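Please open the structure in a viewer and keep the sequence panel visible. The tour below proceeds by selection, with a short account of what is found at each stop.

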Amino acid sequence: RLAVLAGCRGPLASGIAEVGVASKALPTRRQSGCSESSRETWSHYAGLSRTEGHEKYNSVNRRYVAPLSPMALPQLAPADNSAGEMSAKHLKEKWSDEEIEAAVSDNVVMTWGNNSTRSSLPVLVRGEGVYLYDNRGKEYMDLTSMAVCTNMGYTVGDEIKKAVLRQLEELAYSYPGIGMVEIRARLCSLLAEITPGDINGFLFPLGGSEANEGAIRIARRYTGKVKIMSAMRSYHGGTSGPLAATGDFRTRFAGEQTGFVKIFQPHALRFSTGASDVDAATHALHMLEEQIISEGPDSIAAVLLETIVGANGVFIHPEGYLEGVRALCDRYGLLLILDEVMCGFWRTGPLFAFQHFPGVVPDILTSAKGLTSSFLPLGMIGIRQHIKEHFEKNDLGWGATYANHPVLLACAYEVVKKNCQIRLDQKVRKIEDVMFEEVDGLIKRHRCVLQGRVIGAFGCLDLINSSGESLNMLGQPLPPAALEVKRSMKANGLIGLFRSPLMHICPPLVITEEELREMFRRLDRVLTDLDTFLASPQ
């Protein structure tokens with residue numbers, strides 16, 4: 001009102017200056033001419049809207065008074081928040097079974113699922129080679145390298161122990177943005193030498209999920225775009241971004257997040273993508289291109305895929321599919337991020353699984369697990385030269401206190417060096433030969449096995465019930481048949497990541513042929529028990 005009156009140089013215009021407001025500081029709307037009627041209307045309003053109230057009836061329209069008195073702030077009742085005293089049991093070298101059980105029951109929180117399973121887990125006390133031993137002396141063979149991560153088994157080489165201890169003694173920690181350490185330079189140089197293509201820049205978060213989190217951030221920072229396309233039936237990690245990109249039931253734990261688009265892949269749950277691998281690859285690629293066009297290439301930062309789908313079933317991409325994804329990314333200006341957290345570092349034979357696919361080099365590569373064989377936690381992000389050069393002058397925008405931790409890097413450096421020297425790729429090729437033979441036999445002998453897949457030391461069986469359907473949907477409560485599998489695995493001395501209806505077979509890469517065949521003999525007995533269970537009246 002003041003601005004308009006000022007524009008008309010009306011009777012209240014001079015009042016602007018009187019209340020300390022310079023007329024030039026207010027936006028004014030100059031009128032070519034203000035009618036007498038307009039000035040009378042504005043003047044009338046000025047008379048009824050005043051701090052002291054209406055000109056004549058001054059108890060009306062006075063400055064508004066809050067009708068409620070301020071609420072009293074809540075008072076917090078005093079409660080003891082002092083630290084407790086450490087009990088004497090923590091000074092004991094060994095605890096009794098009862099003390100361990102009590103601590104598990106009272107204080108341990110499980111990950112992913114509910115806590116009800118924590119007291120039924122074996123208490124593992126020792127590992128050697130591919131074997132684990134619990135506190136009651138029972139021996140287990142590790143069927144799945146735990147979560148497909150203990151690639152070198154449980155015997156830690158002396159050179160790894162010495163390297164870790166040496167780094168602990170010389171410099172246990174350095175914040176990555178304050179000081180450079182030699183071991184960081186060494187590991188980056190080694191990985192640049194052996195990694196295919198021009199993937200020349202490396203940084204090291206604490207694990208696979210954090211690596212994919214960083215990769216998503218880097219892709220968005222580099223491209224200036226937001227959307228990440230990722231596949232159904234995939235898993236990329238438990239932190240918010242990778243979990244939103246995940247394509248199984250766990251993605252729902254992340255809640256709704258914008259910027260993530262799910263795509264079909266060549267392996268579907270309830271329909272066929274084609275009678276042949278060529279058809280499956282072609283259809284999946286046409287669907288992907290359709291989505292890219294519909295979403296708008298200018299809004300998509302990257303396509304994020306597992307090179308070999310891991311936790312959802314070791315899916316072997318049909319020939320031509322990953323090559324086609326790379327070509328579509330190039331056509332539409334998208335980055336390709338390949339997640340090799342599980343399948344990297346010789347799990348499928350070559351150093352990285354993308355080497356199976358002619359011409360495929362990702363723009364961003366992530367891995368973890370086999371990088372240190374999980375002796376210590378560490379992940380990896382590798383970036384191609386053009387992305388590395390971009391961040392010479394532009395802020396990367398990702399980091400963490402424990403990223404590039406020198407002690408962890410020392411472990412990784414020795415693991416990778418050793419595996420290069422022993423030509424682990426050749427050993428995995430021999431494991432693959434046995435895996436094919438044994439998995440083929442399981443499929444043929446057991447009605448409960450629908451199909452199986454193998455690449456390198458990475459395998460999986462699809463288990464079915466007596467009706468020929470999956471034992472259950474992944475993520476649903478376990479049916480009695482799946483519980484029978486878990487019971488039989490324990491009875492037959494197998495331990496591993498059984499995610500019904502998927503039976504992963506991913507032994508440590510140090511396994512001998514005789515150990516591997518013994519592992520399959522034990523698994524054969526488990527599947528015989530499942531066949532018998534399914535054939536009996538339920």
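**First stop: the loop between β8 and β9**

Select W346, which is found in the loop between β8 and β9. The model is a predicted one. W346 has a relative accessible area of 5% and is therefore buried, the limit being under 20%. Its phi is near 75 degrees, a positive value in a residue other than glycine.

Next, select F345, in the loop that runs between β8 (335-340) and β9 (364-367). Phi of F345 is likewise positive, near 60 degrees, and this residue too is not a glycine. Most residues other than glycine have a negative phi. F345 counts as buried because its relative accessibility is 1%.

**Second stop: a cis peptide bond**

Move to S500 and P501 and display the backbone. The peptide bond from S500 to P501 is cis, with omega near 10 degrees. Most peptide bonds are trans. P501 lies in the loop between β14 (498-499) and β15 (502-505).

**Third stop: the loop between α12 and α13**

Select L396, located in the loop that links α12 (385-390) to α13 (406-421). Is L396 buried or exposed, or does it fall in between? With a relative accessible area of 23%, L396 is partly exposed. Leaving aside residues up to four places away in sequence, L396 touches L203, I218, R221 and F391. Add R221 to the selection: L396 and R221 are 175 residues apart in sequence, yet their C-alpha atoms are 7.0 Å apart in space.

Now select N404, which also lies in the loop between α12 and α13. N404 is buried, because its relative accessible area is 7%. Beyond residues up to four places away in sequence, N404 touches P176, R184, L203, F204 and L409. L203 is thus a contact of L396 and of N404.

**Fourth stop: the cysteines**

Display the cysteine side chains. How many disulfides does the structure hold? There are zero. Select C329 to see why no bond is assigned there: the closest cysteine sulfur, in C343, is 17 Å from the sulfur of C329, too far for a bond. C329 counts as buried at 1% relative accessibility.

C448 is likewise in no disulfide, and the nearest cysteine sulfur, that of C460, is 13 Å away. C448 has a relative accessible area of 1% and is buried.

**Last stop: the whole chain**

Clear the selection and view the entire chain. The chain contains 16 helices and 15 strands. Along its principal axes, the C-alpha trace spans about 105 × 65 × 65 Å. The radius of gyration is 32 Å, whereas a compact globule of 538 residues would have one near 24 Å.

Colour the chain by accessibility. Buried residues account for 46% of the 538 residues. The chain exposes about 27900 Å², of which carbon and sulfur atoms supply 53%.

Colour by charge next. The chain carries 57 positive and 61 negative charges, and the mean positions of these two sets are 6 Å apart.

Finally, consider how the chain meets itself. Of the contacts between residues at least 6 apart in sequence, 70% join residues at least 24 apart. The pair L396 and R221, at 175 residues apart in sequence, may be displayed again as a closing view.

Technical notes. Residues are numbered from 1 along each chain as its sequence is written. This is a predicted model: local features need pLDDT of at least 70, side-chain atom pairs count only at pLDDT 80 or more; totals for chains, interfaces and linings use all residues. Side-chain values use heavy atoms; hydrogens and water are left out. Helices (H or I, at least four residues) and strands (E, at least two) are DSSP runs, numbered from the N terminus. The radius of gyration is taken over C-alpha atoms; the globule rule is 2.2 Å times the number of residues to the power 0.38. Buried means under 20% relative accessible area, exposed over 50%, partly exposed in between (1.4 Å probe, protein chains only). Contact means heavy atoms within 4.5 Å. Accessible areas come from the Shrake-Rupley method with a 1.4 Å probe; for residues, only the protein chains shown count as cover. Lys and Arg count as positive and Asp and Glu as negative; His and the chain ends are not counted. The place of a charge is taken as NZ of Lys, CZ of Arg, CG of Asp or CD of Glu. A disulfide is a pair of cysteine sulfur atoms within 2.5 Å.
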